[in-house]
Amino acid sequence: MVKIHPTAVIEDGAKLGCDVEVGAYAYIGPEVELGDGCVIAHHATVDGKTVMGRANKVFPYAFIGGKTHDLKYKGGEPGLRIGDNNVFREYTTAHTATADGNFTVIGNSNNILAYSHIAHDCIVGDNIVMSSHAALGGHVRVENNAVIGWGSGAHQFCRLGAYSMLSASSKLVKDLPPFFMADGSPAEVCAINKINMQRNGFTTEEIDMVYSAFKLIYRRRLSRPHALEELASRESANSRVIKMILDFAAGESERGLA
C-alpha cells in the first residue's frame, strides 16, 4: 500500500512502486520513478529524471534530482540513477548529469549524511559513507566501501579507490588509491585504511601487503612509475589487494595519483 500524506505533491507522470511512503509537504516530480519501499520524508524533494531503486530513505529537506550546476548544460534530459537501500539524510543534495542522455549514478547501500552533496556526472559505488558536509565535485568517481570524512571535498574528476578514506576537513585534488588514507589541504596520502580493511574481512597478510605497498609508493622516495614497476614485480602482485592498487594506478585519470 502506498502512503501519501494529503499535503504532499505528486506530479502527474511520477511512478511510485509498492509500499512507498511520501510525507507531509514532500514533492515528487513528474519524471521520477520510486522503487518499492522507498520513504520520502516530510519536506523532502525528489525531482528531475530520477530513477530510484528499492528501499531508499530520503530525510527531511533533502533535494534529490536537482538540476546540474554545470554551466555547460544545454538542455535535454540528463538524469540521476540510484540503486537500492540508500540513505540520504537531511539537507543532502544529489544532482542530475549535464549532457542530454547522461546520468549521475549512485549505487547501493550508501549512507549520505547531512548537508552532503553529490554533483553532476558523479559515479558512486556501493557501501560508501559520506559524513556530514562532505562534497563531490562534478565527474568524481567513488569506488565501493570508500569513506569521506566530515567537511571534506573532492575536486572535479578525482577518483577515490575502494576501501580508501578521505579524512575530515580535507581537500582531495588528485586520485586516492584503494586502501589508502589521505589527509590535509591539499590531501596527501598518510596511511592505510586498516580499520576499514579489518571491518570488511581482509586478512592480516593482505593488510601487511597493502602497508608494504604504501611504504614503497609513499616513503621510498622513488618516482611514481618506478615505485609501481617495483610493486608489479613483487610476488604479491597477484594478490587481490595489490592487483586493485595496480589496476587503479593504470586506470584512466584526469588528475594523477595523490
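This passage describes the nonpolar core of a predicted model and the packing of two of its helices. Local features need pLDDT of at least 70, side-chain atom pairs count only at pLDDT 80 or more, and totals for chains, interfaces and linings use all residues. Residues are numbered from 1 along each chain as its sequence is written, and side-chain values use heavy atoms, without hydrogens and water.

The largest nonpolar core holds 67 residues. Such a core is a set of buried Ala, Val, Leu, Ile, Met, Phe, Trp, Tyr and Cys residues joined through side-chain atoms within 4.5 Å. Buried means under 20% relative accessible area, exposed over 50%, and partly exposed in between (1.4 Å probe, protein chains only). L136 and F180 have the most contacts inside this core. At least two core residues come from each of several elements, including strand 27 (180–184), helix 2 (204–218) and helix 4 (240–250). Helices (H or I, at least four residues) and strands (E, at least two) are DSSP runs, numbered from the N terminus. Helix 2 gives the largest share, eight residues.

Contact means heavy atoms within 4.5 Å. Beyond its neighbours within four places in sequence, L136 touches H117, I118, A119, C122, V124, M130, V142, I148 and A154.

In helix 2, the buried residues include I207, V210, F214 and I217. Their cover includes strand 27, strand 28, helix 1 (194–199), helix 3 and helix 4.

Helix 3 buries A227, L228 and L231. These residues lie on the same side of helix 3 because they cover an arc of only 95 degrees around the axis, taken from the directions from the helix axis to the C-beta atoms. They pack against helix 2 and helix 4. On the other side, P225, H226, E229 and S233 are exposed.
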